[in-house]
Amino acid sequence: IKSTYIPTIILGDGTFLVARQIQTPDLVGFPLHVMDRQGHIVRSFGADVPQYRDDQKLQFERVAGVGRAGTIWVAAPGRYEFERWDPIRGTRLQTLPVKSSWFMPSSRMARLSERPNSLVLSLWEKDGVLWVLSRTADALWKPSEHRAGDRPHDDAEYDRTLDWVLEAIDPASAAVIAHRRFGTAMWPAPPAYVV
C-alpha cells in the first residue's frame with residue numbers, strides 16, 4: 001500500500017479501515033474511512049453530521065476494533081459509548097451506551113498537573129462479548145512531585161499515575177459482565193482482520 005494513512009483494521013474484502021480524522025476539506029469531520037489497496041479513500045463515515053474541533057479530539061477521534069460478521073466496533077476515546085458499524089456500507093448498526101462509575105468523560109487531554117483522563121484504548125468482540133481496554137487515573141492518584149515539562153519516562157511513576165481497566169460488556173444489554181482493574185500498564189493489541 002502506498003498511503004500516508006496507517007490502516008487500523010484489514011477488512012474482509014481486502015480494503016482497509018483508517019480510524020482517524022483526515023483534515024482535508026472533503027473528509028474532515030468523518031472519523032472513519034475505507035481505503036483501497038492503492039491507498040485511495042473510497043468511503044468516509046462515522047458521523048451523522050461531519051464535524052471536528054481540534055480542541056475536542058477525544059470526542060471526535062475514534063478507536064476501532066473487530067466485531068462479528070464483518071462489522072466493527074468504534075468509540076470516541078473520551079466517551080464510554082460504543083457503536084457497531086458495517087464498514088462496507090458505512091452504516092451504524094448499533095449504539096451501546098454503557099454506565100460506568102469509574103470512567104470520567106472528557107473532550108481534551110489533561111495537562112500533566114491535572115488528574116489523568118479516562119480513555120478508551122482498544123476494543124474488540126469475541127464470542128459475543130465486547131471487550132474494552134481503557135486507562136484512567138490511578139485509584140490512589142495524587143499530583144506528581146515533578147515539575148511539568150520534559151523529563152525521562154519513569155515506569156514506576158507511570159504505574160502510580162494510571163490504572164488500566166478491562167471490561168467485558170454484553171452487546172445486547174450494555175451490562176458489564178466482567179471488570180478487572182490493573183495497576184501496571186496494559187498495552188492495546190495491534191490491528192486485526194475482520195472475519
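Is Glu125 buried or exposed? I looked this up before anything else. Glu125 has a relative accessible area of 11%. The cut-off for buried is under 20%, so Glu125 is buried. I note that the model is predicted.

**Entry: the partner of Glu125**

I searched for the charged partner next. Arg68 forms a salt bridge with Glu125. I read 2.7 Å between the closest N and O atoms. I then placed both residues along the chain. Arg68 sits in the loop between strand 5 (63-66) and strand 6. Glu125 belongs to strand 9. The two are 57 residues apart, so I logged the pair as a link between distant parts of the chain. I checked the accessibility of Arg68 too. Arg68 comes out at 39%, so I put it down as partly exposed. The bridge therefore joins a partly exposed arginine to a buried glutamate.

**Entry: other salt bridges**

I counted nine salt bridges in the model. Which arginines pair with Glu114? I found Arg108, at 3.2 Å from N to O. I also found Arg111, with its closest N and O atoms 3.2 Å from those of Glu114. Glu114 is partly exposed at 25% relative accessibility. Arg108 is partly exposed as well, at 37%. Arg111 is exposed, with a relative accessible area of 54%. I also traced a network of salt bridges that links Asp48, Glu83 and Arg92.

**Entry: the nonpolar cores**

I turned to the nonpolar side chains. The largest nonpolar core holds 16 residues. Within this core, Tyr80 and Phe82 touch the most other members. I asked which elements give two or more residues to the core. They are strand 6 (72-75), strand 9 (119-126), strand 10 (129-137) and strand 11 (162-169). Strand 9, which carries Glu125, is thus one of the contributors, by the DSSP runs used here.

I listed the contacts of Phe82, leaving out residues up to four places away in sequence. Phe82 touches Trp73, Val74 and Ala75. Phe82 also touches Gln94, Thr95, Leu96 and Val98. Val120, Leu123, Leu130, Val132 and Ile169 complete the list for Phe82.

I found a second core, separate from the largest one. This second core has twelve residues. Among them are Leu11, Val34, Val66 and Trp85.

Notes:
Residues numbered from 1 in each chain as written. Predicted model: local features only at pLDDT ≥ 70, side-chain atom pairs only at ≥ 80, totals over all residues. Heavy atoms only, no water. Core = buried A, V, L, I, M, F, W, Y, C linked by side-chain atoms within 4.5 Å. Buried < 20%, exposed > 50% of the residue type's maximum accessible area, 1.4 Å probe, protein only. Helix = DSSP H or I, 4+ residues; strand = E, 2+ residues; numbered from the N terminus. Contact = heavy atoms within 4.5 Å. Salt bridge = Lys/Arg side-chain N within 4 Å of Asp/Glu carboxyl O.
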